[in-house]
Amino acid sequence: MELRNICKSYDGVSVLEDISLEIEEGGRYVISAPSGRGKTTLLRIMMGLEQPDGGELTGISGSISAVFQEDRLPAEFSTFRCVKMALPGRVSKTVVREHLAELGLGEHTEKPAKELSGGMKRRVALCRAVLSGADTIYLDEPFTGLDTETKKSVAGYINRHCRGRTLVVVSHSSEDAMLLNAKEIRI
């Protein structure tokens, strides 16, 4: 995927100006910048959810999965069901439970999403994205609500289960690039 001279503004206020970058298939990238610099907007453009005002985006291919800033979990659904409902039929119940356990949620699989902490909800959303089998995974601030140890554990989970897939993460922290063995792109 290649982005050339991407520009985007809202109500006359420029959010992205002349952004160019190349995302190689199977590569790992962390797009970093302070808050309010358009990281989420750029991610949404890359996913095809928004159109740039100017510039060109080429080379989009394959399936995608995402974790948004909001975890987007149905409040009444169990943790297990929140994951399973978004997955292809070929992903077994056993695999879902194994992944939830790997993320420290093994004892919470039947708990409704509304009863989970923010960090737990984040891990459920990450599990869903990773298990989707998508060629490209987009993560918007994936470590929000996680303490230092849980963040390291979750980064290890992502590293183990996303090998060979394209990973595009937006973050305000350069540390995330190191944790994910990713190339950092500052915008």
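Which residues does Lys8 touch, not counting residues up to four places away in sequence? The first view answers this; every view shows a predicted model.

**View 1. Lys8 and its surroundings in strand E1.** Lys8 touches Val13, Ser14, Val15 and Leu16. Its contacts also include Thr41 and Ile45. Glu50, Gln51, Pro52 and Asp53 complete the list. Residues up to four places away in sequence are not counted here. Lys8 is buried, at 12% relative accessibility. The cut-off for that label is under 20%.

**View 2. The salt bridge between Lys8 and Asp53.** The two side chains meet at 3.7 Å, N to O. Lys8 belongs to strand E1, residues 2-10. Asp53 sits in the loop between helix H1 (39-46) and strand E4 (54-58). The partners are 45 residues apart in sequence, so the pair ties together separate parts of the chain. The structure has 12 salt bridges by the rule used here. Side chains of opposite charge can pair when their charged atoms come close.

**View 3. The salt bridge between Glu50 and Arg44.** The closest N and O atoms of this pair are 2.8 Å apart. Is Glu50 buried or exposed? Glu50 counts as buried, at 18% relative accessibility. Arg44 has a relative accessible area of 24% and is partly exposed. Glu50 is also among the residues that Lys8 touches.

**View 4. The salt bridge between Glu110 and Arg97.** Here the closest N and O atoms lie 3.4 Å apart. Glu110 is in the loop between helix H3 (93-102) and helix H4 (118-131). Arg97 is in helix H3. The two residues are 13 apart, and the pair links distant parts of the chain. Glu110 counts as exposed, at 52% relative accessibility. Arg97 is partly exposed, at 35%. In another group, salt bridges with shared partners join Glu2, Arg4 and Glu56 into one network.

**View 5. The hairpin of strands E1 and E2.** E1 and E2 run antiparallel. How many bridges join E1 to E2? There are 6. E2 spans residues 13-22. Tyr10 has Val13 as its bridge partner in E2. Leu3 has Leu21 as its bridge partner in E2. The hairpin has 2 residues between the strands. Asp11 takes a positive phi there, near 50 degrees.

**View 6. The open sheet of 3 strands.** The order is E2-E1-E4, and the pairing is antiparallel. E2 and E4 are the edge strands. Each of them pairs on one side only. On average, neighbouring strands are turned by 25 degrees against each other, direction ignored.

**View 7. Helix H1 and what covers it.** Why is H1 described as largely enclosed by the rest of the structure? It is so described because 6 of its 8 residues are buried. The buried residues are Lys39, Thr41, Leu42, Leu43, Ile45 and Met46. Their cover includes strands E1, E2 and E4. Strand E3 (28-32) also takes part. So do strand E6 (136-140) and strand E7 (166-171). Two of the buried residues, Thr41 and Ile45, also touch Lys8. Gly48 follows H1 and has a positive phi, near 80 degrees.

**View 8. Ser78 and its contacts.** Ser78 lies in the loop between strand E5 (64-67) and helix H2 (79-84). Its relative accessible area is 13%, and it is buried. Beyond residues up to four places away in sequence, Ser78 touches Thr109, Glu110, Lys111 and Pro112. One of these, Glu110, forms the salt bridge with Arg97 shown in View 4.

**View 9. Arginines over the rings of Phe77 and Phe80.** The charged end of Arg81 sits over the ring of Phe77. Its distance from the ring centre is 3.7 Å. Arg97 lies over the face of Phe80, 4.3 Å from the ring centre. Arg97 is also the salt-bridge partner of Glu110. How many aromatic pairs does a search of the whole structure find? The search finds 0.

Key. Residues numbered from 1 in each chain as written. Predicted model: local features only at pLDDT ≥ 70, side-chain atom pairs only at ≥ 80, totals over all residues. Heavy atoms only, no water. Helix = DSSP H or I, 4+ residues; strand = E, 2+ residues; numbered from the N terminus. Buried < 20%, exposed > 50% of the residue type's maximum accessible area, 1.4 Å probe, protein only. Pairing = 2+ DSSP bridges. Axes fitted to C-alpha atoms, helices over the stretch in contact; angles between N-to-C directions. Contact = heavy atoms within 4.5 Å. Phe/Tyr/Trp six-rings, centres within 6.5 Å; stacked < 30°, edge-to-face > 60°. Lys NZ or Arg CZ within 6 Å of the ring centre and 35° of its normal.
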